[in-house]
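Open the model in your viewer and keep the selection box at hand. We will walk from stop to stop, and at each one you will hear what to select and what is there.

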Amino acid sequence: MILLSHEDWAARRGRFIALWTDARHAYALYQPGELVAVELVDGAYPALSHAGAAWFQRLAHDLNGHTALGATDTRPAIDHGRAADGTGPWPEFKSPEVEGVHQVAVGPIHAGIIEPGHFRFSVRGETVLKLEARLGYTHKGTLGLIRGKSPRLAARFAARVSGDATVAHAIAFAHAAEAALRLEAPARAVYLRAVMAELERLANHTSDIGAIAGDAGFAFLDARFALARERLCAAAQAAFGHRLMMDAVIPGGVAGDISTGGAAAVLDALVALEAELPSLKRIFEDYASLQDRVVGTGIVPPALAEAYAAGGYAGRASGQTHDARLLPGYAPYDNFALFVPVEQEGDVAARIRIRLAEIPESIRLIRDMLHSLPETPIAIAPQAGSGAAVGAAESFRGPVWYWLRIESGVIADVFIADPSTLHWPLVEHAAATAILADFPLINKSINASYSGVDL
Amino acid sequence: MWKTVAQHLLSRAPAARQADPALVKTLRERVGASALGRSLAIRVVSAGSCNGCELELRATQNLVYDLTQYGLSFTPSPRHADILLVTGVAAHNMREALAQARAAMPEPALVVAVGDCAVDGGVFKGSPAIAGGAGGVVAVDLVIAGCPPSPAQIVQGLLALVEAQAPLPALPKRREPRRAPRLPPE
């Protein structure tokens, strides 16, 4: 960690990842894991001008009462100003001052089976002029619950920050805890973690591609991709004892070895997916009515993705090459010559194509890893040490970062940065390039987590 | 195509899931008979989950679990819903919306809490930011525990609820089908 003066802090350039505060400092994290800090003066620090910093500064205000001096966006993040019975006032949503604008309010309860959040569209006719997302509905006090717990106990919370990325969150948390306590997880655990992370990526990519097609009224792809996900979840259950592989990754290693017959179950699911994928891909590419909905829809220009340091398929579809598996990079990916697809178009179709291209790569990685599993123990017990560190892991939607300060074996402070925090503003921007009816496709194609940002 | 047709002819559909009789009996004492019938519409409200329960709820609609075959379907509007299905801790910020969704439903209505968080807050129990489960905001008829519960467990729970509040009438004894009289050869 580098302690900066207020001037150097505010003037700093780089690929901004996250910002948070503790009792004495404000911290900012830059790619590839560079941590800088500034001292708080009367509970305040200079605001950062990075596009992605706004939500973090709003969150730091609501969680710790710290003010970002000179911040332009001071809306509450998770503090809705609610009374004891849960009722609260609505904030004012401003529309662009042009003729014929009206607002459409959606949520917090959405039509489908998804998480809660409020979207306020300013529309003229069908065209969306502006989208403002009001989040914070799933705030559960996760950071407060992690403080005061041992890394092993706290892993249960890391696994529940965003259920669809439970493995990646648990790995990032374990990386931070292991770096803080200067431990190294055994080689077999490192391989099994990567197998689980790639299985998680496949399960999410398949179901999300299907769901986007479903939102465009194309039920066949939805049904087939949902079945592919089901096979992968069933294989995860057989191999690791849990369909989403929750609580399977712990600081120091993994909670259990892959079961007897588990590798065969996973490999069978991969064969089934691999056999069907070419025909599903062809259907996606060939149906004009489907392509018409996704090509040119919800464009995130590369410059915007760069400004927000977008990761995962949201970034890669807009020219961003970053992948936490390569930079900062972690074992065992250095042994497997990872291929990361990149496109420039930045529309819904490009995001789907990136995910389609990542599927064969994850299949290859899982096969290679399962065939070269090292014969070592699967975990070591964390010692009751002290230290502070950041840890990263690449989830299916982008890099997940954890910052931990451990004192005598107990977590004294923690911050969690899910990639969704930087992706929500992209959803807002992309929505304002399209018509209201395209919003479900745009939203699903970026698929930012609500729980992951509300904490 | 012929290969697919052959596969369909050779494969046998898995037996339909049936409600667990013991669970049905307990539930019947709790919820009693209702006039809702057996084809129920479900409004899901995610009230502060990690989204794991939503993944498994969506999986109940896939080709393997196919919840629709039992007459159960998800509906976007609480006004069309017979069952309010709640996931998540009932975060403080979701209390108002959850209560409004329940109030918008026609009576009688059933409330199901799915997942450990909705049961009692789960791992988040004790957090000041939550109501500690669906029961903190709305009266709950059935809990389906698990973190997250599997699609099979969710289907089992919902089937038991259907059976408990609207049991099928006893079927009349099956008679031998009457044979059609054979026509004399022309």
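The tour below starts with the model as a whole, then visits sheets, loops, helix pairs and the contact between chains.

**Before you start**

This is a predicted model, in which local features need pLDDT of at least 70, side-chain atom pairs count only at pLDDT 80 or more, and totals for chains, interfaces and linings use all residues. Residues are numbered from 1 along each chain as its sequence is written, while chains are lettered from A and ligands numbered from 1 in the order in which they are written.

The predictor gives the complex an ipTM of 0.95 and a pTM of 0.94. Colour chain B by pLDDT, the predictor's confidence in each residue from 0 to 100: the mean for chain B is 89, and 91% of its residues reach 70 or more.

**Stop 1: a sheet of four strands in chain A**

A word on names: helices (H or I, at least four residues) and strands (E, at least two) are DSSP runs, numbered from the N terminus. Two strands pair if DSSP finds at least two bridges between them.

Select residues 2-3 and 16-21 of chain A, which are strands S1 and S2, the edge strands that each pair on one side only. They belong to an open sheet of 4 strands with the order S1-S4-S3-S2 and mixed pairing.

Now add residues 25-30 (S3) and 34-39 (S4) of chain A; these two strands run antiparallel and are joined by 6 bridges. Which residue in S4(A) is the bridge partner of His25(A)? Click on Glu39(A) to find that partner.

Next, select Pro32(A), in the loop between S3 and S4 of chain A. The peptide bond joining Gln31(A) to Pro32(A) is cis, with omega about -5°.

**Stop 2: a sheet of three strands in chain A**

Move on to S7 (102-106) and S9 (127-134) of chain A, the edge strands here, each pairing on one side only. The open sheet has 3 strands in the order S7-S8-S9, and its pairing is antiparallel. From one strand to the next, the twist averages 20°.

Select residues 118-124 to see S8(A), which 7 bridges join to S9(A). Val123(A) stands opposite Val128(A) in S9(A).

**Stop 3: helix pairs in chain A**

Two packed helices are described by the angle between their axes and the distance between the axes. Axes are lines fitted to C-alpha atoms, for helices over the stretch in contact, and angles run from 0 to 180 degrees between N-to-C directions.

Select residues 187-215 (H6) and 348-371 (H13) of chain A: their axes come within 9 Å and cross at roughly 150°. H6(A) and H13(A) are therefore roughly antiparallel (angles over 145 degrees). Their crossing is left-handed (the near helix is turned anticlockwise from the far one by less than a right angle; clockwise would be right-handed).

Residues in contact have C-beta atoms, placed from the backbone, within 7 Å. Among those of H6(A) that meet H13(A) are Tyr191(A), Leu199(A) and Ile212(A), and the H13(A) side includes Val348(A), Ile359(A) and Leu370(A). By class, this contact has 15 nonpolar, 2 polar and 5 charged residues. Here Ala, Val, Leu, Ile, Met, Phe, Trp, Tyr, Cys and Pro count as nonpolar, Asp, Glu, Lys and Arg as charged, and the others, Gly among them, as polar.

For another pair, select residues 420-431 (H14) and 439-446 (H15) of chain A, which pack at about 155° with axes 10 Å apart. H14(A) and H15(A) are therefore roughly antiparallel to each other, and their crossing is right-handed. His423(A) and Leu426(A) are among the H14(A) residues that meet H15(A), where Phe439(A) and Ile442(A) are included. This contact has 7 nonpolar, 2 polar and no charged residues.

**Stop 4: over to chain B**

Select residues 21-31 (H2) and 151-165 (H6) of chain B, whose axes come within 8 Å and cross at roughly 55°. H2(B) and H6(B) are therefore oblique to each other, and the crossing is right-handed.

Then find Pro148(B), in the loop between S5 (142-144) and H6 of chain B. The peptide bond from Cys147(B) to Pro148(B) is cis, with omega near -20°.

**Last stop: where the chains meet**

Show both chains: 37 residues of chain A are in contact with 36 residues of chain B. On the chain A side, H7(A) gives the largest share, 4 residues.

Methods: Angles under 35 degrees count as roughly parallel, over 145 as roughly antiparallel, 65 to 115 as roughly perpendicular and the rest as oblique. Two residues are in contact if their C-beta atoms, placed from the backbone, lie within 7 Å.
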